[in-house]
Amino acid sequence: MLLNEMIIDENNIAFIPSLGSSFELNESAKRVIELLKEGQSKEEIVQTLSKEYHKRWEDIYIDVEDFLQKLKIYGLIQ
Amino acid sequence: MKYQKPTINRIDFALASKYGSPLRSQKIKSSIDGVSVNELVKEFGSPLFVFSQKTIEEKYNEFFEAFSSRYPKVQFWWSYKTNYLDAICKLFHKLGSKAEVVSEFEYQKARHLGVEGKDIIFNGPYKPKKALLQAVKEGAKIHIDHLYEINDLEEIASELNIEIPVAIRCNMDTGIYPQWSRFGFNIDNNEAYNAIKRIYEGKKLILTGLHAHIGTFMLTANAYAKETQKLIKLKNKVEQDFGFEIEYIDIGGGFASKNRLKGVYQAPEVVVPSANEYAEAIVNAIYENNKGALPELYLETGRALIDEAGYLLSSVFASKRMPDGKKNYIIDAGVNLLYTNFWYNFEIFLDKRYDGLSEPSQINGPLCMNIDIIAPNIMLPALERGSVLTIWPVGAYNITQSMQFIRYRPNIVLIDKEKNVHLMKKSENLDTIIENELIPQFLQ
């Protein structure tokens, strides 16, 4: 998983050394990537964010699903 | 910490260096003439067409002053087909515009609004004889499109035992493409002159005006200079040859609004001529070429006066991720309400500043049709369900050419200069749509 290579700086600019590609992300995206690197499943990430941000899991689910799809399109996860 | 939808964008340094930072810029319109777009949607529903009296008056005054400060006899005729909502027509009539119509329906609408026949120009290639008869009896200005119409009018003149004052519509090469040659008679090949000769020889009609409308969304004022020059030269010639007194020339409309034509990459502020530039070109051509008494100058400006006064408010209903990575927003207003979407790239404003990064996005309407695309490529931040978008400028042709398709057409409101909001047209419902339908007996 290329995502494991991702280095994120304090300005939320991310870099994948083997691709030479840079990305810009926001705080919650950074958090999802941390959780993915920890090995959490989609369902676990949804529950974690739901608790951390006090939001309905049904709403968080749509955003996480959408974000994971984009990571797949970028080739960062399978 | 405040929640933002997780967003990631690959950084394209080439894009960033060429266009600045498209990932962070947002176009915002939280109110129209001081009235909150969110409040408008809350009270009148979404989607919602909104018109601004202030902008209508500003545009009218801008154009009228551009012409009337240069020429002594100017009359505007409101082009009904551009937007024939009763209240909009009333506003233009109140400002001083008379009516320009192109069908029996539009003629009836003008009469219904209290416009006298003498204050109506009746244009168009299709004027049924019954409508023509009414227009003649009521003293409307009839602009003849073809030889059959000359015959029809001569028959009416005989029936009523009167001479009918008429104008003819002309077309010509003004150096623009496409050349509008299907309406009226061509000046360059003498067809117009021959039609006037035919009118003269018929002895039942009196030519009092010459009219042309060279095209639409004209981005060069010079084409109007050529048009005016040709009309005035024709005027001089037919006055001399047949003794007609041409009271007016009608140079039509077609002035561009500040909309963004697809395929034109410069901003409208750069490519669209100003009212003064159009006026200068037209008026100079009259002064330079006219012989004899100065004719009245008629204009049938539509789009340039109303397009920027119209907005369509629409709400985000849902979003999804497309397989190519683009974000796709589904809003509640479709292309059935936005006929001009097929040739314009509208400005799309957000109702507030949204936190987070913008992403390459697409905006689709609610129709279950693949063609329902409002904006195929637009950078948008993560919008919420219910976010209100303002689509602009949509005042010209979208009301008159919108179609009832799949969904009901929405409410239309007017914001007056005191910020009061008035309902101008109610949204459709099942009853208004099926009221003229009949079910055959055997199916009942």
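This tour moves through a predicted model, starting with each chain as a whole and ending at the places where parts meet.

**Chain A**

Select chain A and colour by secondary structure: three helices and three strands appear, and along the sequence they follow the pattern β-β-β-α-α-α. Its C-alpha atoms fill a box of roughly 35 × 25 × 20 Å along the principal axes. The radius of gyration of chain A is 12 Å, which agrees with the value near 12 Å for a compact globule of 78 residues. If you colour by burial, 24% of the 78 residues of chain A count as buried. Among the contacts in chain A with a separation of 6 or more, 30% come from residues 24 or more positions apart.

**Chain B**

Now select chain B, which has 14 helices and 21 strands, and whose C-alpha trace spans about 85 × 65 × 40 Å along its principal axes. Its radius of gyration is 25 Å, close to the 22 Å that the globule rule gives for 444 residues, so chain B is as compact as a globular protein of that length. Here 44% of the 444 residues count as buried, and of the contacts in chain B between residues at least 6 apart in sequence, 70% join residues at least 24 apart.

**The two domains of chain B**

Give two colours to chain B, with residues 21-51 + 308-432 as domain 1 and residues 84-301 as domain 2. The centres of domain 1 and domain 2 of chain B, taken over C-alpha atoms, are separated by 35 Å. Where the domains of chain B meet, 13 residues of domain 1 are in contact with 10 residues of domain 2. On the domain 1 side of chain B, the elements giving two or more residues are α13 (398-401), β20 (412-415) and β21 (421-425) of chain B. That side, sorted by residue class, divides into nine nonpolar, two polar and two charged residues.

Stay with two of these elements and show their backbone: β20(B) and β21(B) pair in the antiparallel sense over four bridges, and in one of these pairings Ile412(B) has Lys425(B) in β21(B) as its bridge partner. The two strands form a hairpin with five residues between them, and Lys419(B) in the turn has a positive phi of about 70°.

**The nonpolar cores**

Next, show nonpolar side chains. In soluble globular proteins, such side chains tend to be buried together. The largest nonpolar core holds 115 residues, of which Val50(B), Ile168(B), Cys170(B) and Ile282(B) touch the most other members. Helix α11 (residues 275-289) of chain B gives the most to this core, with eight residues, and the core draws at least three residues from each of domain 1 and domain 2 of chain B.

Centre on Val50(B) and look for its partners beyond four places in sequence: Ile32(B), Leu40(B), Tyr311(B), Leu313(B), Val413(B) and Ile415(B) are in contact with Val50(B). A second, separate core of 17 residues includes Leu25(A), Ile33(A), Ile60(A) and Leu71(A).

**Where chain A meets chain B**

Display both chains and select the residues at the contact, which takes 21 residues from chain A and 15 residues from chain B. On the chain A side, β3 (21-25), α1 (27-37) and α3 (57-73) each supply at least two residues, and α3(A) gives the most, with eight residues. The side of chain A that touches chain B has, by class, 10 nonpolar, five polar and six charged residues.

**A sheet shared by both chains**

Finally, select the strands of chain A together with β1(B). They belong to an open sheet of four strands with the order β1(A)-β2(A)-β3(A)-β1(B) and antiparallel pairing. At the edges stand β1 (7-8) of chain A and β1 (8-10) of chain B, each with a single partner strand, so one side of each is left without a neighbour in the sheet.

Begin at the chain A edge, where two bridges join β1(A) to strand β2 (residues 13-16) of chain A in the antiparallel sense, and where Ile8(A) stands opposite Ala14(A) in β2(A). Then move to the pairing between the chains: three bridges join β3(A) to β1(B), and these strands run antiparallel. Within that pairing, Glu24(A) stands opposite Asn9(B) in β1(B), and this pair of residues is the last stop of the tour.

Technical notes:
Residues are numbered from 1 along each chain as its sequence is written. Chains are lettered from A and ligands numbered from 1 in the order in which they are written. This is a predicted model: local features need pLDDT of at least 70, side-chain atom pairs count only at pLDDT 80 or more; totals for chains, interfaces and linings use all residues. Domain bounds come from an automatic or database domain assignment. Two residues are in contact if their C-beta atoms, placed from the backbone, lie within 7 Å. Ala, Val, Leu, Ile, Met, Phe, Trp, Tyr, Cys and Pro count as nonpolar, Asp, Glu, Lys and Arg as charged, and the others, Gly among them, as polar. The radius of gyration is taken over C-alpha atoms; the globule rule is 2.2 Å times the number of residues to the power 0.38. A residue is buried if 20 or more other C-beta atoms lie within 10 Å of its own, exposed if 12 or fewer, and partly exposed in between; C-beta atoms are placed from the backbone. A nonpolar core is a set of buried Ala, Val, Leu, Ile, Met, Phe, Trp, Tyr and Cys residues joined through C-beta atoms within 7 Å. Two strands pair if DSSP finds at least two bridges between them.
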